[in-house]
Amino acid sequence: MMRISAGISLLFLCLSCYNVERNCNDFKNGTFEFDYTIDGQEKTGRFTREGDLNIDYYEGKVDSSSVRWINDCEFILKKINPKTMSEKEAIHMKILSTSNDSYTFEYQLAVKKANKPLQVERGVARKIN
């Protein structure tokens, strides 16, 4: 029993020392690509983020959003010219980890809707410029 307790304690000690790399400032500006799936079909989207402006390019369309940074790794995206009620809803983005040329992120609605579960999605963006 003592060996098991010591082993578990050692495991927790090792895991608690692991820090995920988050160099978020490297990804505040630039041009990025990400993969997504719609109706079972894999697609690649592209966006450019400069200062407080984010421009999305997808399926032959261009769309702009304002960017408001909460801290170095989190920001709020809000469509500048929303065309539908759902496009009026702000998105909370959080950079979870970074590498040399990409970052893993999660996103969700910035304001939780009453009586609906909060849906959190994840993705990976690759910096191309």
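How much space lies in the largest pocket? I looked this up first and found about 1100 Å³. I noted how a pocket is defined: on a 1 Å grid over the protein atoms alone, it is an open set of points where a 1.4 Å probe fits, with protein on both sides within 12 Å along at least five of seven lines, and lining residues have an atom within 4 Å of a point. The volume is the space filled by probe spheres set on the points, which are joined across faces, edges and corners.

I recorded that the model is predicted, that local features need pLDDT of at least 70 and side-chain atom pairs pLDDT 80 or more, and that totals for chains, interfaces and linings use all residues. Residues are numbered from 1 along each chain as its sequence is written, and side-chain values use heavy atoms, without hydrogens and water.

Entry on the lining. Of the 39 lining residues, I listed those closest to the pocket centre: Phe34, Lys79, Ile91, Met93 and Tyr107. Strand β7 (strands are DSSP runs of E, at least two residues, numbered from the N terminus) gives the largest share of the lining, five residues.

Entry on Phe34. I located Phe34 in strand β1, residues 30-38. Phe34 counts as partly exposed because its relative accessibility is 21%, and the partly exposed class runs between buried, under 20%, and exposed, over 50% (1.4 Å probe, protein chains only). Beyond neighbours within four places in sequence, its contacts (heavy atoms within 4.5 Å) include Lys43, Phe47 and Arg126. I noted that Phe34 and Arg126 are 92 residues apart in sequence, yet 6.3 Å apart in space, C-alpha to C-alpha.

Conventions:
Helix = DSSP H or I, 4+ residues; strand = E, 2+ residues; numbered from the N terminus.
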